[in-house]
Amino acid sequence: MTGDPGVDALIRQWAAEREQTPEEKEIDRIASAWLADAPRQAPGIPGQRARTGASGWASVDSADPGYLDAMRRRLPDVPLDLLTAAAGWWQMIGDVTEAEKWWDAGISPLDQRALDYRAAGLTPADLGRRLGPMTVLQHLRRGSAAAWCVARLSRQQRAS
């Protein structure tokens, strides 16, 4: 085959998985046809059976309306699906006021790196602190790792 035993083993495994008996091919065909005939429904939570029956669904909102309202005030021209995705991430880690503090400090909630910065131990107040001639935010924008900034800040605090 290729001469590489690892690649050859992977090719053999892939080929073995692709070989199907006529019975397995028929099962796949029936399953595909059955799934194609299934009615299309939006994802949701089954409704109260006494009122709506088994077929009733309540739509699931992936983002808290408070987050969406706060983001819509700051970014009125951004599409709703992008705001919903960003709000969905932010609501998992903090409240609206914390997201707004990050934004006021110079990191947009639409920038998912803010979640990495927060996970590394930075706070919105840290972004304005100076590390040498630049602020933490300037270091981050130039590609410095958030962990490096946290270490430098803690070293700076111990020296004070």
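This briefing describes the fold of one protein chain, then looks at one of its helices and at two single residues. The structure is a predicted model, and the chain averages a pLDDT of 77, with 79% of the residues scoring at least 70. The chain contains nine helices and four strands, and buried residues make up 23% of its 160 residues.

**Overall fold and confidence**

- Read along the sequence, the helices and strands of the chain follow the pattern α-α-β-α-β-α-α-α-α-β-β-α-α.
- Among the contacts in the chain between residues at least 6 apart in sequence, 38% join residues that are at least 24 apart.
- The chain exposes about 11300 Å² of surface, and carbon and sulfur atoms supply 56% of that area.
- Among the elements of the chain, the lowest mean pLDDT, 46, belongs to strand β2 (residues 57–59), whereas the highest, 94, belongs to strand β4 (residues 134–135).

**Helix α6 and its two faces**

- Helix α6 spans residues 96–105, and its buried residues are Glu98, Ala99, Trp102 and Trp103.
- These buried residues lie on the same side of α6, because they cover an arc of only 145° around the helix axis.
- The face of α6 that is turned away from the buried side carries the exposed residues Lys101 and Asp104.
- Glycine 106 follows α6, and its phi is positive, near 120°.

**Aspartate 126, a residue in a loop**

- Aspartate 126 has its place in the loop between helix α7, which covers residues 113–120, and strand β3, which covers residues 130–131.
- The relative accessibility of aspartate 126 is 12%, and buried means under 20%, so this residue counts as buried.
- When its neighbours within four places in sequence are left aside, aspartate 126 is in contact with Gly121, Val136 and Leu153.

**Alanine 85, a residue in a helix**

- Alanine 85 is found in helix α5, which runs over residues 80–93.
- With a relative accessibility of 40%, alanine 85 counts as partly exposed, because that class lies between the limit of under 20% for buried residues and the limit of over 50% for exposed ones.
- Alanine 85 and leucine 68 are 17 residues apart in sequence, and their C-alpha atoms are 9.7 Å apart in space.

Terms used: Residues numbered from 1 in each chain as written. Predicted model: local features only at pLDDT ≥ 70, side-chain atom pairs only at ≥ 80, totals over all residues. Heavy atoms only, no water. Buried < 20%, exposed > 50% of the residue type's maximum accessible area, 1.4 Å probe, protein only. Contact = heavy atoms within 4.5 Å. Areas by Shrake-Rupley, 256 points an atom, 1.4 Å probe, with all protein chains shown as cover. Arc of directions from axis to C-beta. pLDDT = per-residue confidence, 0-100.
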